[in-house]
Amino acid sequence: MQYTPVRFSRTINKDFISVLRSRVKNHFKENGISTYGNSTMVLKTVVLMLMYLVPFSLVAFGLVTNPWLYFGLWIIMGFAVAGIGMSIMHDAVHGSYSKNNTVNTIVGYVLNMVGGIVATWRIQHNRLHHTFTNIDGHDTDIDAGVLMRFSPNQKRYWMHRFQVFYAWFLYGLMTMSWITMKDFNQLKEFKERGLLGKDEKKYNSLITKAVLQKILYYSVTLGIPLMFSPFSWWFTVLGFLAMQFLAGLILACVFQLAHVMPECEFPVPTEENKIENNWAVHQLQTTCNFSPNSKIMSWYVGGLNYQIEHHLFPNICHVHYPRIAKIVKETAKEFNLPYHVQPTFVHALVDHGKMLFAMGTKD
């Protein structure tokens, strides 16, 4: 079935984004700074990569004989995988890590290193999620199949009344799904919707690359530790699964707190497949920030606690979000537009739980 994208109004609330872009542009110009990554971004990249590669080296070549330390290294790698995805790969694939596109391309491939595939991420995240945020049938991030109901526009099934309890376990399976079947399922879906173009060879090439990349990932990340580990095979597999579960839980929670919240809207296109609002205002209505005062949170999640700024300016590196957030908030207030923000991660997590409960019990 050919995919027909939703269209946004070019006239409703059109002045907001032009004024905002002008103010943000002036901020960088007046302060003489680049919109891309800086030394802080490079240092973060080094720290997070070492946080993954050092424990992996110790695990992979059997250099640790204490079982608690061995398992703990897998846990550290779980934190690192999530951090690499949020703080390094994310900016690179958006093209905001560096003004050099080659650098962005190379850095973006850390996603492949931790089991994902850049090609599908670009379509799922950059093209669909960022454009059609919270629009059912267009934003794949709120389409989790029949087990989860994230939008009031989705059909409610009997098991959804329990999703507030089992959602957290499913969140932990996110990266396991990613490194096994999700990329293949999405490539098939994108082909059917015409998002890969009409060239059959392109699809076949992507499938072949995906297979080879998955084989390489499992061979290195799980195969080498199995070969050299001083422990039983099942203990190594358990460590690998623990790494995946922790990374999945962290990633899912951070991304869900941005859009599946009580204050976020879930607009429905008209019969003409239009959203009666400007795209930028749509992003304000469907997105929520959290923990704006936590420097540690901002550092680790790659500025994804400033999702509003990220959705409005995905081409700006996340290290600049705390500063431009003041401009966005003030401009939104000036135009009498919403600016959703939760004071802490815990507050946001609790409200997300309330949203899961509401979506499971109310039509």
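This report describes the cores, surface patch, selected residues and salt bridges of a predicted model.

## Nonpolar cores

The largest nonpolar core holds 53 residues, and within this core Met86, Ile88 and Met243 touch the most other members. Helix 3 (residues 67–94) supplies the largest share, with 13 residues. A separate core of 21 residues lies apart from the largest one; Phe16, Ala280, Tyr321 and Ile324 are among its members.

Beyond the residues up to four places away in sequence, Met86 touches Asp91, Ile250, Leu251, Val254, Tyr300, Val301, Gly302 and Leu304.

## Nonpolar surface patch

On the surface, Val42, Val46, Leu50, Val54, Leu58, Phe61, Leu63, Met227 and Phe228 make a nonpolar patch of about 850 Å². Two elements give two or more residues to this patch, namely helix 2 (39–60) and helix 9 (200–228). The largest share, 5 residues, belongs to helix 2. An α-helix has 3.6 residues a turn, so residues three or four places apart point the same way.

Leu63, a member of the patch, is placed in the loop between helix 2 and helix 3. Leu63 counts as exposed because its relative accessibility is 58%, and the cut-off for that class is over 50%.

## Helix 15 and Gln256

Helix 15 (residues 345–361) has 17 residues and should span 24 Å at 1.5 Å a residue; its end C-alpha atoms are 24 Å apart, so the model agrees with the expected span. The buried residues in helix 15 are Ala348, Asp351, His352, Gly353, Met355, Leu356, Ala358, Met359 and Gly360. Their cover includes helix 7 (163–172), helix 10, strand 3 (288–290) and strand 4 (340–342).

Gln256 belongs to helix 10 (residues 233–259). With a relative accessibility of 10%, Gln256 counts as buried. Its contacts, leaving aside neighbours within four places in sequence, are Asp141, Phe150, Tyr171, Met261 and His352. Of these contacts, His352 is one of the buried residues of helix 15.

## Thr286, Asn134 and Ser291

Thr286 is located in helix 11 (residues 279–286) and is buried, with a relative accessible area of 0%. Not counting residues up to four places away in sequence, Thr286 touches Thr133, Asn134, Ala258, His259, Cys264, Glu265 and Pro267. Asn134, one of these partners, sits in the loop between helix 6 (118–129) and helix 7. Asn134 is likewise buried, with a relative accessible area of 0%.

The backbone of Asn134 has a phi near 65 degrees, which is positive although the residue is not glycine. Ser291 is also a residue other than glycine with a positive phi, near 50 degrees. Ser291 lies in the loop between strand 3 and helix 12 (295–300) and is buried, with a relative accessible area of 4%.

## Ile17 and Asn100

Ile17 is part of helix 1 (residues 14–31) and is buried at a relative accessible area of 8%. Excluding residues up to four places away in sequence, Ile17 touches Asn278, Ala280 and Leu312; Ala280 is among the members of the core of 21 residues. From Ile17 to Gly145, the C-alpha separation is 34 Å, and the two are 128 residues apart in sequence.

Asn100 lies in the loop between helix 3 and helix 4 (101–108). Its relative accessibility of 38% makes Asn100 partly exposed. Asn100 and Lys198 are 98 residues apart in sequence, with their C-alpha atoms 30 Å apart.

## Salt bridges

The whole structure contains 5 salt bridges. One of them joins the side chains of Arg23 and Glu334 at 3.0 Å, N to O. This pair links distant parts of the chain, with Arg23 in helix 1 and Glu334 in helix 14 (residues 321–334), 311 residues apart. Arg23 counts as partly exposed, at 31% relative accessibility.

Another salt bridge is formed by Lys214 and Asp183, whose closest N and O atoms are 2.7 Å apart. Lys214 is in helix 9 and Asp183 in helix 8 (residues 174–192), so the pair ties together parts that are 31 residues apart in sequence. Both of these residues, Lys214 and Asp183, are buried. Glu189 and Arg193 also meet through their side chains in a salt bridge, at 2.6 Å, N to O. Glu189 is partly exposed at 26% relative accessibility, whereas Arg193 is buried with a relative accessible area of 13%.

Note on methods. Residues numbered from 1 in each chain as written. Predicted model: local features only at pLDDT ≥ 70, side-chain atom pairs only at ≥ 80, totals over all residues. Heavy atoms only, no water. Core = buried A, V, L, I, M, F, W, Y, C linked by side-chain atoms within 4.5 Å. Buried < 20%, exposed > 50% of the residue type's maximum accessible area, 1.4 Å probe, protein only. Helix = DSSP H or I, 4+ residues; strand = E, 2+ residues; numbered from the N terminus. Contact = heavy atoms within 4.5 Å. Patch = residues over 30% accessible without salt bridge, like charges linked within 9 Å, V, L, I, M, F, W, Y side chains within 5 Å. Areas by Shrake-Rupley, 256 points an atom, 1.4 Å probe, with all protein chains shown as cover. Salt bridge = Lys/Arg side-chain N within 4 Å of Asp/Glu carboxyl O. Expected span 1.5 Å × (residues − 1).
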